[in-house]
Amino acid sequence: MHLEFPIRPERLTPAEQRLLEYIEGNREEFLFMTIGQLAAKMGLSEATISRFARHLGCQDFKQLKNIVIEQNHLEGPAGKLAGTLFTGNGEESFQAAEYLKKQMLYLEKTMQNLEPQVFLQAVETILSAKRIFIHAKSASASMGQLLYFRLRRLGLSVAQIPSGGTEMMEGLAQAGEDDVVLFFGFSKVSWEGKVILDCRKTAGYKTICFTGRLLAPREEQADINLYVYRGEEKEYHSMTAAAALVDALIVAISERLGADGAKNLQRIHRMKKKYRI
């Protein structure tokens with residue numbers, strides 16, 4: 001699909017037609033180029049590229065990128081990242097402050113849709129479980145590791161299920177009645193997640209899913225579903241709200257454990273002092 005601009009392509013100069021052809025054929029690469037990099041790639045001056053952008057009806061090079069994003073319906077990690085980098089703030093480059101403001105909105109949306117009773121139910125389920133199993137893969141692996149680290153420090157019996165393959169099956173086979181399996185299925189439930197949900201029918205364990213969907217199909221719902229907002233479908237998906245929710249869960253569990261949780265933390269602290277770690 002060709003990009004659409006107010007000017008007809010035949011009215012472009014040969015150099016501009018070459019530029020447009022390159023952009024249409026290499027859209028994602030173009031979005032991550034500076035004007036200097038594009039000029040070097042095409043053997044043209046930066047002034048020529050600036051005139052080209054204005055000739056297409058754009059105010060500048062940045063607006064040209066924004067138009068490419070709007071018309072291209074970019075998918076995949078590169079497209080989502082490009083949409084985050086080049087739209088919304090009106091600046092020439094990425095601004096951390098603007099990005100952090102957006103994360104505040106993600107946290108607010110998470111709070112609006114996270115049901116307090118469901119959160120408390122998750123806390124109770126984890127505390128009452130004989131063993132806690134965590135499955136996390138790809139981008140959510142960091143959240144799984146954080147959850148594992150925090151729960152283990154509190155003295156709870158926790159294990160990580162390998163991300164996939166035979167090892168994943170071997171890990172899941174250890175979970176049984178009175179246990180709980182936590183997993184992540186933000187935009188969709190992975191094949192492994194579906195296996196976890198299916199095996200609970202015979203194994204008898206409870207399931208908790210960190211999800212970005214409010215209305216998931218019944219067969220893809222865990223016993224407890226903790227909502228996390230990470231951005232719209234075609235946006236770069238942040239882990240800010242997910243990390244905050246994991247920390248909130250840990251703090252709530254620590255409160256319920258009371259002195260028992262504190263004892264284990266103190267024991268770890270004494271060991272570190274003794275062995276100078």
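## Helices 8 and 9 and the core they help build

In the protein chain, residues 24 or more positions apart account for 68% of the contacts with a separation of 6 or more. The model is predicted. Its secondary structure comes to 13 helices and five strands. Of the 277 residues in the chain, 42% count as buried.

### Two nonpolar cores

The largest nonpolar core has 36 residues. Those with the most contacts inside it are I132, L151, F210, L226 and L249. Seven elements are named below because each gives two or more residues to this core: helix 8, strand 1, helix 9, strand 3, strand 4, strand 5 and helix 12. Helix 12 gives the most, with nine residues. A second, separate core has 25 residues, including F5, I35, A39 and A53.L151 shows how the pieces meet. Leaving aside residues up to four places away in sequence, L151 touches I126, I132, I134, L156, V158, I250 and I253. L151 is also one of the buried residues of helix 9.

### Helix 8

Helix 8 runs over residues 116–128. Its 13 residues reach 18 Å from the first C-alpha to the last, close to the 18 Å expected at 1.5 Å a residue. Which residues of helix 8 are buried? They are V118, F119, A122, V123, T125 and I126. These residues cover an arc of only 165 degrees around the axis, which puts them on the same side of helix 8. An α-helix has 3.6 residues a turn, so residues three or four places apart point the same way.

The face turned away from the buried side of helix 8 carries the exposed residues P116, Q117 and S128. The cover over the buried residues of helix 8 includes strand 1 (132–135), helix 9 (141–153) and strand 3 (180–185). It also includes strand 4 (206–211), strand 5 (224–227) and helix 12 (240–257).

### Helix 9

Helix 9 has 13 residues. From first C-alpha to last it reaches 18 Å, close to the 18 Å expected at 1.5 Å a residue. The buried residues of helix 9 are M143, G144, L147, Y148 and L151. They cover an arc of only 135 degrees around the axis, which puts them on the same side of helix 9.

What do the buried residues of helix 9 pack against? The partners are helix 8, strand 1, strand 2 (158–161), strand 3, strand 4 and helix 12. Helix 8 and helix 9 thus appear in each other's surroundings: helix 9 is part of what covers helix 8, and helix 8 is packed against by helix 9. After helix 9 comes G155, whose phi is positive, near 90 degrees.

### Strand 1 and the loop after it

H135 sits in strand 1. It is buried, with a relative accessible area of 3%. The side chain of H135 reaches the backbone oxygen of S163 at 2.9 Å. Beyond its neighbours within four places in sequence, H135 is in contact with I161, P162, S163, M168, L182, F183, F184, E192 and I196.

The loop between strand 1 and helix 9 holds S138 and S140. Are these serines buried or exposed? S138 is exposed, with a relative accessible area of 61%. S140 counts as buried, at 6% relative accessibility. Not counting residues up to four places away in sequence, S140 touches F184, F186 and M239. F184 is also among the contacts of H135.

### Positive phi outside glycine

Most residues other than glycine have a negative phi. S138 has a positive phi of about 55 degrees although it is not a glycine. Phi of D178 is also positive, near 80 degrees. D178 lies in the loop between helix 10 (165–172) and strand 3. At 53% relative accessibility, D178 counts as exposed.

### Cysteines

A disulfide is a covalent bond between the sulfur atoms of two cysteines. How many does a search of the whole structure find? It finds zero disulfides. C58 is buried, and C209 is buried as well.

The table gathers the relative accessible areas of the residues discussed.

| Residue | Relative accessible area | Class |
|---|---|---|
| C209 | 2% | buried |
| H135 | 3% | buried |
| C58 | 4% | buried |
| S140 | 6% | buried |
| D178 | 53% | exposed |
| S138 | 61% | exposed |

Notes
Residues are numbered from 1 along each chain as its sequence is written. This is a predicted model: local features need pLDDT of at least 70, side-chain atom pairs count only at pLDDT 80 or more; totals for chains, interfaces and linings use all residues. Side-chain values use heavy atoms; hydrogens and water are left out. Helices (H or I, at least four residues) and strands (E, at least two) are DSSP runs, numbered from the N terminus. The expected span of a helix is 1.5 Å times one less than its number of residues. Buried means under 20% relative accessible area, exposed over 50%, partly exposed in between (1.4 Å probe, protein chains only). The arc is that of the directions from the helix axis to the C-beta atoms. Contact means heavy atoms within 4.5 Å. A polar contact is a pair of N or O atoms within 3.5 Å; within protein, one must be able to donate a hydrogen and the other to accept it, and residues adjacent in sequence count only if both atoms are side-chain atoms. A nonpolar core is a set of buried Ala, Val, Leu, Ile, Met, Phe, Trp, Tyr and Cys residues joined through side-chain atoms within 4.5 Å. A disulfide is a pair of cysteine sulfur atoms within 2.5 Å.
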